[in-house]
Amino acid sequence: ELAVCTLEKMQQEKPRFNHGFTIEHFGFSTPEQVNRIAKLGGNVSANVYYLYELSNRYATHGVGYERAYTMSRLGSCVKSGIMTAIHSDFPMAPATPLRNAWIASTRENAVGDIVSAEESLTVYDALKAITIDAAHLIGLADEVGSIRAGKRADFTVVDRDPLVEGSEALREAKVKATVFQGEVFEVL
C-alpha cells in the first residue's frame, strides 16, 4: 500500500508516462490496489514460488486462506494491462524460471491445492513474465529477453514446447542446451 501511495503521490506531483515504477516482491494485495497500479502505469514483479511453498502454511498458521491463496495476483495484473514479471528472489527461493512459470500458470501449491485459479496466467503470459517482460522491467529488453537480431544470444533449449503441450510441460521440461553469448553448451 505504501508503494502504491508513493507512486500515486509522485504521479500527482509530476505526472510521467512510461516511468518504470515497479512494485517488487508483489505478494499480498487487494483488487483495488491492482486497479490503482494499472491506472498509475506501474509494473509488478513477483516471486510466485512463495505461493507454491508458503500459501498452505500462511493459510493455516498466519494470514488466513483468502489472503494466502490470493498472493501474487498475476492474472489480475495481466488482465489490467500491468507489465508483469516473475523473479526467483534467489537465494531465498530456487532460481527455476520454468518451474515459476508453471506455478504462475497452474497456481498449484506444495500440497497440491489449486489456489485462486482465476489469478493464473496463460502459458504464453507466464513465459513472457520470465523473459521479455522481466527484461523490460530491469531495463535490458534491448539486449535480452527475446531472440532477435542485435540481441545477445542467451537462451536455453528445452525438450518440449509448453505453448503446444501446456502448463505441465513447464514443470517437466528438461534443459537440453544453453546458448550463452552465442556459444552452445549442451547438457550431457
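Let us begin with Thr70, which is buried in this predicted model. Its relative accessible area is 11%, and the cut-off for a buried residue is under 20%, so Thr70 qualifies. Thr70 lies in the loop between α4, residues 65–69, and α5, residues 74–79. Its side chain makes a polar contact of 3.4 Å with the side chain of Arg73. Beyond the neighbours within four places in sequence, Thr70 is in contact with Gly27, Arg107 and Ser116.

I turn next to helix α1, which comprises the 12 residues from 2 to 13. At 1.5 Å a residue the helix should span 16 Å, and its end C-alpha atoms are indeed 16 Å apart, so the expected and computed values agree. Which residues of α1 are buried? They are Val4, Leu7 and Gln11. Viewed down the axis of α1, the buried residues fall within an arc of 60 degrees, and therefore they line one face of the helix. Among the elements that cover these buried residues are β1, residues 22–23, and α2, residues 31–39. On the other side of α1, Leu2, Gln12 and Glu13 are exposed.

Finally, the cysteines. How many disulfides does a search of the whole structure find? The search finds 0. Cys5 takes part in no disulfide, and the nearest cysteine sulfur, belonging to Cys77, is 16 Å away. A disulfide requires the two sulfur atoms to be within 2.5 Å, so this pair does not meet the cut-off. As for their surroundings, Cys5 is partly exposed, at 32% relative accessibility, whereas Cys77 is buried, at 0%.

Definitions and conventions:
Residues numbered from 1 in each chain as written. Predicted model: local features only at pLDDT ≥ 70, side-chain atom pairs only at ≥ 80, totals over all residues. Heavy atoms only, no water. Helix = DSSP H or I, 4+ residues; strand = E, 2+ residues; numbered from the N terminus. Expected span 1.5 Å × (residues − 1). Buried < 20%, exposed > 50% of the residue type's maximum accessible area, 1.4 Å probe, protein only. Arc of directions from axis to C-beta. Contact = heavy atoms within 4.5 Å. Polar contact = N/O pair within 3.5 Å; in protein donor to acceptor, adjacent residues only side chain to side chain.
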